[in-house]
Amino acid sequence: MCDFEEFIFTCSHSTIRLKSYCHFARNDPNHQCFGVKKLRNVWDQDYECGDCMERNRRNAWAQAQAQRYNGGFGYGSNGYQGGQ
Ligand SMILES: [Zn+2]
Ligand SMILES: [Zn+2]
């Protein structure tokens, strides 16, 4: 009966971490536990999980690149029209 705790993120992902081994798992060379896993705590996080943060960061970067490209293109065509 090892103790686990769960972290729930704003993206509704969650992760479960081992809090502490029980007596049996501690004495087992492979830390195997044959008992029931006990969820001791559930922590509501006020941020997204690492995967989502990383993905959002990449999306934001890709969007910034796309906007920069579109912006540069727009300026160029405006300048051409102005020259007529
Ligand atoms: Zn255990
Ligand atoms: Zn997530």
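Student: Where does D3 lie?

Tutor: The model is predicted, so here is the ground rule from its source: local features need pLDDT of at least 70, side-chain atom pairs count only at pLDDT 80 or more, and totals for chains, interfaces and linings use all residues. Residues are numbered from 1 along each chain as its sequence is written, and chains are lettered from A and ligands numbered from 1 in the order in which they are written. Helices (H or I, at least four residues) and strands (E, at least two) are DSSP runs, numbered from the N terminus. By that count, D3 lies in strand 1.

Student: Which pattern does the chain follow along the sequence?

Tutor: The secondary structure comes to 2 helices and 3 strands. Read along the sequence, the pattern is β-β-α-β-α.

Student: What is the order of the strands in the open sheet?

Tutor: Two strands pair if DSSP finds at least two bridges between them. The open sheet has 3 strands and mixed pairing. Its order is 2-1-3.

Student: Why is one side of strand 2 and of strand 3 left without a neighbour in the sheet?

Tutor: Strand 2 spans 14-20 and strand 3 spans 38-44. One side of each is free of a neighbour in the sheet because each stands at an edge, with a single partner strand.

Student: What does the twist average from one strand to the next?

Tutor: Axes are lines fitted to C-alpha atoms, for helices over the stretch in contact, and angles run from 0 to 180 degrees between N-to-C directions. From one strand to the next, the twist averages 25°.

Student: How many bridges join strand 1 to strand 2?

Tutor: Strands of a sheet pair through backbone hydrogen bonds, either parallel or antiparallel. Strand 1 and strand 2 run antiparallel. Among the partners, E5 is bridged to R17, and E6 to I16. The bridges between these strands number 6.

Student: In which sense do strand 1 and strand 3 pair?

Tutor: Strand 1 covers residues 3-8 and shares 6 bridges with strand 3. D3 has K38 as its bridge partner there, and E6 stands opposite V42. The sense is parallel.

Student: Which residues is D3 in contact with, leaving aside its neighbours within four places in sequence?

Tutor: Two residues are in contact if their C-beta atoms, placed from the backbone, lie within 7 Å. D3 and S20 are 17 residues apart in sequence, but 5.3 Å apart in space, C-alpha to C-alpha. The contacts of D3 are K19, S20, K38 and R40.

Student: Is D3 buried or partly exposed?

Tutor: A residue is buried if 20 or more other C-beta atoms lie within 10 Å of its own, exposed if 12 or fewer, and partly exposed in between; C-beta atoms are placed from the backbone. D3 has 15 C-beta neighbours inside 10 Å. That makes D3 partly exposed.

Student: What phi does S12 take?

Tutor: S12 sits in the loop between strand 1 and strand 2. Their hairpin has 5 residues between the strands. S12 is exposed, with 9 other C-beta atoms within 10 Å. Although S12 is not a glycine, its phi is positive, at about 70°.

Student: Where is the place of H31?

Tutor: H31 is not a glycine, yet has a positive phi of about 55°. H31 is partly exposed, with 13 other C-beta atoms within 10 Å. Its place is in the loop between helix 1 (23-27) and strand 3.

Student: What percentage of the chain's residues count as buried?

Tutor: The chain has 84 residues. Of these, the share that counts as buried is 1%.
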